[in-house]
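Let us go through this structure by question and answer. Please keep the model open beside the text.

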Amino acid sequence: MLTDFKTHIDAAFPFLKEKKLVVACSGGMDSTVLAHLCAKSKVDMVLAHCNFKLRGNESDADAIFVQQLAEKLQVECFTITFNTLEEAKKQRGSVQMIARKLRYNWFEVILKEHKHDFILTAHHADDALETMLINLSRGTGIDGLVGIPEINGKVVRPLLPFSRQQIKNYAQHEKLSWREDSSNSDTKYIRNKIRKEIVPKMKELHPTFLENTLRTQQNLFNSKLLLAQSIREKKEQIFHDTGKYIQIGISDLRKLEPLHAHLYALFQTYGFSESDEIEKLMCAISGKELHSRTHRLLKDRENLLLQEKQVPRASVFVLDDKAMKIEAPVGLLFESTEKLEETSKNVVHIDKEKLNYPLTLRKWRKGDYFYPAGMHGKKKLSKFFKDEKMDVFSKERQWLLCSTDEIVWVIGKRLDERFKVEPTTTQILKVTFSL
């Protein structure tokens, strides 16, 4: 197996031979074998072990074993202890998921603080098979069936081509010792039940079941690559990035067949996995929205608008009469001038004596109205936005310069008639809006 391992590294991961590696080691058979193979391959490595304190004295004995293994291999060993049960209560997650999160977060810390390059884990072919069956049992798409990736960011899994039996044969041939995790026998965990009860029966029916499954996963992975290429091309055609949000024509989406499959593939990377809900949104009235953890998807006339969720910030800012320039939440420059200069949507001249300080910057509210310069009478801001053909996202981004509760300027859009410069004006305030 050592020869096959070295050949696999040379073919798939030649870059690892020049890097500093962190080998994740639980003390179990798989990670112990990985540590030995790496040591015999003479790579630059350290061991890293997490004590999750889930099995009392057994967990402590695992940590001691890994430290002793590091001494035998003459490599450095990093260890850390977590109160996993307490963390699971705090974060309201399953123990297994919290343990995994703690583990990989700590690995990232090691990489950063000790200037190592990659993390090696001991996942193998049987792990990939079990993961596929778990995902299949829960309902999944192609991503859940392709197994475990050999490289995922800084995590590399060099044992994926090897079966559990091959690893065990190597361990026994080399007379290696390792720690047995008693929880691996508990079939209340779905992975253990699949490993101990389902996979053996499938291998009994089909002696080449593992090899066949790996071949299927490779075929699925190739199909995934083709699908990804197709989806990238579709996005380039119909996802139009305005710089503030992505605009997607509903008529363009309706041309895609099969529609549900395309909706899932196009939007799942933004956290939207229910294609039925997206299709309903396409038929909804303007203003209806869907939310994922990270994004908003809005129906606006004949388009869907996709925007990353923004971090909430203060909605009202106060400006005294000494404010000359501000850069947030919008860029405004205040200058006194003696005469009217060239004006535009981004430059207005205001009769300063009509202002009541402090001024405020705020977002629009339901019921807001103003007196648009050049027009007679007042107008609701909602009607003004509609006439300007502003979408919901643009309205949400719109700032107002106000004096007391009166709108002075719909910034970048229209000055209020009540504050414009008159022939009798003695103090002119020039305000410039910078995008």
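Q: Which residue in E3 does Asn51 stand opposite?
A: This is a predicted model, in which local features need pLDDT of at least 70, side-chain atom pairs count only at pLDDT 80 or more, and totals for chains, interfaces and linings use all residues. Residues are numbered from 1 along each chain as its sequence is written, and side-chain values use heavy atoms, with hydrogens and water left out. E2 and E3 pair in the parallel sense over five bridges; strands pair if DSSP finds at least two bridges between them. In E3, the residue opposite Asn51 is Thr81.

Q: At about what angle to E2 does helix H3 run?
A: Helices (H or I, at least four residues) and strands (E, at least two) are DSSP runs, numbered from the N terminus. H3 covers residues 57–73 and lies across E2 and E3. Axes are lines fitted to C-alpha atoms, for helices over the stretch in contact (heavy atoms within 4.5 Å), and angles run from 0 to 180 degrees between N-to-C directions. Relative to E2, H3 runs at about 170 degrees.

Q: Which strands stand at the edges of the sheet?
A: Six strands form an open sheet with mixed pairing, in the order E3-E2-E1-E4-E6-E5. Two of these strands each have a single partner strand, so one side of each is left without a neighbour in the sheet. They are E3 (77–81) and E5 (151–152).

Q: What is the bridge partner of Val22 in E2?
A: E1 and E2 (residues 44–51) run parallel and are joined by five bridges. Four of the five residues of E1 (residues 20–24) are buried (under 20% relative accessible area, 1.4 Å probe, protein chains only), so E1 is largely enclosed by the rest of the structure. The partner of Val22 is Val46.

Q: What is the bridge partner of Leu21 in E4?
A: E1 also pairs with E4 (residues 118–120). That pairing is parallel and has three bridges. Leu21 has as its partner Phe118.

Q: How many residues of H6 are buried?
A: H6 spans residues 125–138. Its buried residues include Ala125, Leu129 and Ile134. Among the elements covering them are H7 (142–145), H8 (164–173), H9 (190–205) and H10 (209–238). H6 is mostly covered, and the buried count, out of 14 residues, is 10.

Q: Is His8 buried or exposed?
A: His8 sits in helix H1. Not counting residues up to four places away in sequence, His8 touches Phe13, Glu150, Pro158 and Pro161. Its relative accessible area is 15%, so His8 is buried.

Q: Which kind of aromatic pair do Phe317 and Trp399 form?
A: Rings of Phe, Tyr and Trp (its six-membered ring) pair if their centres lie within 6.5 Å; planes under 30 degrees apart count as stacked, over 60 as edge-to-face and the rest as tilted. The count by this rule comes to 13 aromatic pairs. For Phe317 and Trp399 the centres are 5.7 Å apart and the planes are at 65 degrees, so the pair is edge-to-face.

Q: How many residues apart in sequence are the parts that this pair ties together?
A: At 24% relative accessibility, Phe317 is partly exposed (from 20% to 50%), while Trp399 is buried at 4%. Phe317 lies in strand E12 (residues 316–319) and Trp399 in strand E19 (residues 399–403). The parts tied together are apart in sequence by 82 residues.

Q: What is the centre-to-centre value for Phe370 and Phe384?
A: Both residues, Phe370 and Phe384, are buried. Together with Trp364 and Phe385 they form one aromatic cluster. Their own pair is edge-to-face, with 80 degrees between the planes and a centre-to-centre value of 5.2 Å.

Q: What is omega near for the bond from Glu257 to Pro258?
A: Pro258 is in the loop between helix H11 (250–254) and helix H12 (259–267). The peptide bond from Glu257 to Pro258 is cis. Its omega is near -5 degrees.

Q: Is Lys389 buried or exposed?
A: Lys389 is in the loop between H14 and helix H15 (392–397). Its phi is positive, near 55 degrees, in a residue other than glycine. At 65% relative accessibility (the cut-off is over 50%), Lys389 counts as exposed.

How values were computed
Expected span 1.5 Å × (residues − 1).
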